[in-house]
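Please walk through this structure residue by residue and element by element, and explain what surrounds what.

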Amino acid sequence: MNRGDLADLTAFVSVADRLSFRAAASRLGVTPSALSHSMRQLEERLGVRLLNRTTRSVSVTDAGLRLLERLRPAISEVAGALEDLNRGRQRPLGRLRIYANHVAASAVIAPIWGRFLSTYPDVHLELALGMAPIDIVAQGFDAGIGPRDRAPADMIAVRVTGPMKIVVVGAPTYFARRRRPRTPDDLARHSCVQYRLAADSDVLAWPFARNRKSRRIAVDGQVIVNDADLAVRAAVDGLGIAYALEALAEPFLRSGQLVRVLEDWSPSFDGMFLYYPRSRQVPATLRALIDMIRTTRGSAPTRRSLQNPFTNG
């Protein structure tokens, strides 16, 4: 069946419902003569008469009634599908699939997903975590979140966080046993929660910056993790000092489970970007997510001081 058949069948239903070419033509936005011509062509293609018409009246033949009985539900389904599509274009609904690295998910999505889903109850959010860059289009994702260089050149990248502040933190119980460090060199006398980005990568040396000078400090400790949230959790449990993004440690700083040290040495890193394919029609679900993220978190760009150590692009 070609597109002309579908249009003509829809027109046939309109004529049959109104038993008037003039009324149906007005509903469809065509002239009565053009509609009559379309019906004659449809009947010729099908090889059967569907309508009896005179200059005074229109009626549906027995064959037309049988066809109409099958067409009405189908046409209704098509109309309903188009109406659902139109509603989805106007308000957020349906599935929204996001691919993000662990830091982006914890710092960008987790703080707002409760409010987002309660605001848009017809949305189903799927969040997949991974460190490796992927083709989000081929994998069926609506968008990705990560550092700026994660976004392909042919996609739109929207900043969704401002600069991300680093904190060096430990539990009060840990510092009850050891003197707090005053300089990065003092970390040599402490147990630190080490971080390994990938199984085949080196343990992270902690970047610091002060007075426009930067340095990296190799640390030692009993625990090595490859997840930023786990590093914070280890510090909460008193296993050592952790080097973490402020966004991840902030709830524990507020509750007093963690305290901050080396604040004047702690740098900021460039923030996170949400990226998605270029298109004139951005899905309403994705637009709503972007708007909520940007109104919740500061997103003004600033000059980057150091490369984010918790991402690999």
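Thr285 touches Pro92, Leu93, Leu96, Phe116 and Val123, not counting residues up to four places away in sequence; contact here means heavy atoms within 4.5 Å. Thr285 belongs to helix H10, residues 284–296, where helices (H or I, at least four residues) and strands (E, at least two) are DSSP runs numbered from the N terminus. Thr285 counts as buried because its relative accessibility is 6%; buried means under 20% relative accessible area, exposed over 50%, and partly exposed in between, with a 1.4 Å probe and protein chains only. Between Thr285 and Asp142 there are 9.5 Å in space, C-alpha to C-alpha, and 143 residues in sequence.

The model is predicted: local features need pLDDT of at least 70, side-chain atom pairs count only at pLDDT 80 or more, and totals for chains, interfaces and linings use all residues. Residues are numbered from 1 along each chain as its sequence is written, and side-chain values use heavy atoms, with hydrogens and water left out. The average pLDDT of the chain (the predictor's confidence in each residue, from 0 to 100) is 85, and 90% of the residues score at least 70. Over residues 298–304 pLDDT stays under 50, and for this stretch the model has 13 contacts beyond four places in sequence.

The chain holds 10 helices and 15 strands. Of its 313 residues, 43% count as buried. Among contacts with a separation of 6 or more, 75% are between residues 24 or more positions apart.

A nonpolar core is a set of buried Ala, Val, Leu, Ile, Met, Phe, Trp, Tyr and Cys residues joined through side-chain atoms within 4.5 Å. The largest such core has 63 residues, and those with the most contacts inside it are Ile145, Trp206, Phe208, Leu274 and Leu289. Apart from it lies another core, of 19 residues, among them Leu9, Ala25, Leu51 and Leu68. Beyond four places in sequence, the contacts of Trp206 include Val168, Leu187, Cys192, Arg215, Ile241 and Tyr243.

Trp206 also forms one aromatic cluster with Phe208 and Tyr243. Rings of Phe, Tyr and Trp (its six-membered ring) pair if their centres lie within 6.5 Å; planes under 30 degrees apart count as stacked, over 60 as edge-to-face and the rest as tilted. By this rule the count comes to 5 aromatic pairs. Tyr174 and Phe175 form an edge-to-face pair, 5.3 Å centre to centre with 80° between the planes. Tyr174 counts as buried because its relative accessibility is 1%, and Phe175 counts as buried because its value is 9%.

Two rings have a charged end over them, in the sense that NZ of Lys or CZ of Arg is within 6 Å of the ring centre and within 35 degrees of the ring normal. Arg97 places its charged end over the ring of Phe141, 4.2 Å from the centre. Arg148 does so over the ring of Phe273, at 5.7 Å.

Helix H5, residues 102–109, is mostly covered, with 7 of its 8 residues buried. The buried residues of H5 are Val103, Ala104, Ala105, Ser106, Ala107, Val108 and Ile109. Asn101 caps the N-terminal end of H5, with a side-chain oxygen 3.3 Å from the backbone nitrogen of Val103. Such a polar contact is a pair of N or O atoms within 3.5 Å; within protein, one must be able to donate a hydrogen and the other to accept it, and residues adjacent in sequence count only if both atoms are side-chain atoms.

H5 is also part of what covers the buried residues of helix H8, together with elements including strand S7 (164–170), strand S12 (242–245) and helix H9 (246–255). In H8, residues 228–236, the buried residues are Ala228, Ala231, Val232, Ala234, Ala235 and Val236. Asp227 caps the N-terminal end of H8, a side-chain oxygen lying 3.0 Å from the backbone nitrogen of Asp229. After H8 comes Gly238, whose phi is positive, near 80°.

Ser14 and Asn52 remain. Ser14 is found in helix H1, residues 3–18, and counts as buried because its relative accessibility is 7%. Outside its neighbours within four places in sequence, Ser14 is in contact with Ala24, Arg27 and Leu28. Asn52 is found in strand S1, residues 51–53, and is partly exposed because its relative accessible area is 36%. Leaving aside neighbours within four places in sequence, Asn52 is in contact with Ser57, Val58, Ser59 and Thr61.
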